[in-house]
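Let's take a walk through a protein model together, one feature at a time. Keep the picture in view as you read.

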Amino acid sequence: MWLQLRSGLELRTLAALAVVLVVAVLLAAQHFWAGRPRSVRAPETVGAAGAAAVPSALPGELPPTRTGRVVVDVGGEVRKPGVLRLPTGSRVADALRAAGGVKPGADITGLNRARVLMDGEQVVVGGPAPPGAAHAGAGAAGGTGIGSGAAGAGAGAGAGSGAGAPGPVSLNSATVEQLDTLPGVGPVLARHIVDYRTRHGGFRSIEELREVNGIGARRFADLQPLVQP
């Protein structure tokens with residue numbers, strides 16, 4: 001009443017001003033409440049999602065790594081033969097371990113278990129010696145091939161029938177399939193030999209095999225008596 005008498009306003013006008021003032025106070029309070037500082041949840045790390053995206057190892061495989069993998073075919077006298085995916089840089093010993101190990105009595109004398117595996121390679125334990133192995137000498141049954149028993153039997157059968165030993169494989173004319181039959185040479189290494197032959201216009205000597213990727217001193221010693229330029 002005092003305010004009404006002082007300002008000369010009617011009661012309705014004062015009530016309307018009071019409502020406007022209350023609404024303004026409420027809007028201001030809502031504005032400050034919406035703009036208050038709030039805690040923000042940190043985003044999830046990418047590591048967990050990345051780990052979930054890596055496929056689990058199949059039975060008989062080593063755990064996969066992000067550094068890449070090689071696919072090799074392990075067969076012969078092993079407990080679990082088959083195609084395996086192994087981490088890049090794995091060796092023949094790792095492939096044999098992933099295949100369940102070598103069966104008792106298998107001959108692995110000529111198998112270099114410390115050799116680094118290549119993608120697409122085939123590792124055969126205790127298998128028959130490939131064509132041309134008899135050229136290495138009469139001791140092929142226990143020689144540098146991966147297998148021994150079947151090689152000895154094949155050599156005996158050849159001698160009994162009077163068939164001559166196959167000649168050396170020509171590095172300048174052999175196909176990938178023919179090179180693949182040499183001991184320790186898989187499809188990938190055979191392709192490397194053919195690629196080297198194409199790039200350099202052929203082999204002028206057997207010693208040039210040392211320049212092919214994947215042929216070390218030991219493998220060259222095994223191949224030297226079985227090939228020719």
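Begin with helix α2, which runs over residues 11-34 of this predicted model. Its 24 residues span 35 Å from the first C-alpha to the last, close to the 34 Å expected at 1.5 Å a residue. How many of the residues of α2 are buried? The count is one among the 24, and α2 is hardly covered.

Now step back and look at the whole chain. The protein chain contains eight helices and five strands. If you follow the chain along its sequence, the pattern reads α-α-α-β-β-α-β-α-β-α-α-α-β. The protein chain has 229 residues, of which 28% count as buried. You can also ask how far along the sequence contacts reach. Taking the contacts between residues at least 6 apart in sequence, 46% join residues at least 24 apart.

Let's move on to charged side chains. The structure has four salt bridges, and we can visit some of them. One joins R97 and D94, whose closest N and O atoms are 2.9 Å apart. Where do these two sit relative to each other? They are three residues apart in helix α4 (residues 92-98), so about one helical turn separates R97 from D94. There is a handy rule behind this: an α-helix has 3.6 residues a turn, so residues three or four places apart point the same way. R97 itself is exposed, with a relative accessible area of 54%, which is over the 50% cut-off.

A similar arrangement appears in helix α7 (residues 187-200), where R191 and D195 are four residues apart and thus separated by about one helical turn. R191 forms a salt bridge with D195, and here the closest N and O atoms are 3.9 Å apart. That distance still counts because the cut-off for a salt bridge is 4 Å. Both partners are partly exposed: R191 has a relative accessibility of 41%, and D195 has 29%.

Another salt bridge links the side chains of E121 and R115, with 2.3 Å from N to O. Are these two residues buried or exposed? Both E121 and R115 are buried. For R115 the relative accessible area is 19%, so R115 falls on the buried side of the 20% cut-off. You will find R115 in the loop between α4 and β3 (122-125). The side chains of R115 and E121 also make a polar contact, again at 2.3 Å. Setting aside residues up to four places away in sequence, R115 touches S90, R91, V92, E121 and R219.

Next, look for aromatic rings. A search of the whole structure finds one aromatic pair. The rings belong to Y196 and F203, with their centres 5.2 Å apart and their planes at 35 degrees, so the pair is tilted. The label follows because planes under 30 degrees apart would count as stacked, and those over 60 as edge-to-face. Both ring-bearing residues are buried: Y196 has 3% relative accessibility, and F203 has a relative accessible area of 4%.

Finally, let's turn to the nonpolar cores. The largest one has 21 residues, and L179, L182, L209, V212 and I215 touch the most other members. Three helices, α6 (176-180), α7 and α8 (217-223), each supply at least two residues of this core. Which element gives the largest share? That is α7, with five residues.

Two of these well-connected members deserve a closer look. L209 is found in the loop between α7 and α8, and at 1% relative accessibility L209 counts as buried. Leaving out neighbours within four places in sequence, L209 is in contact with L171, I193, F203, I215, F220, L223 and V227. One of these partners, I193, is 16 residues away along the chain, and the C-alpha atoms of L209 and I193 are separated by 7.7 Å. I215, for its part, touches L189, I193, L209, R210, F220 and L223, not counting residues up to four places away in sequence. Apart from this largest core lies another one, of 15 residues, with V70, L86, V92 and L111 among them. You have already met V92 as one of the residues that R115 touches.

Terms used
Residues numbered from 1 in each chain as written. Predicted model: local features only at pLDDT ≥ 70, side-chain atom pairs only at ≥ 80, totals over all residues. Heavy atoms only, no water. Expected span 1.5 Å × (residues − 1). Buried < 20%, exposed > 50% of the residue type's maximum accessible area, 1.4 Å probe, protein only. Polar contact = N/O pair within 3.5 Å; in protein donor to acceptor, adjacent residues only side chain to side chain. Contact = heavy atoms within 4.5 Å. Phe/Tyr/Trp six-rings, centres within 6.5 Å; stacked < 30°, edge-to-face > 60°. Core = buried A, V, L, I, M, F, W, Y, C linked by side-chain atoms within 4.5 Å.
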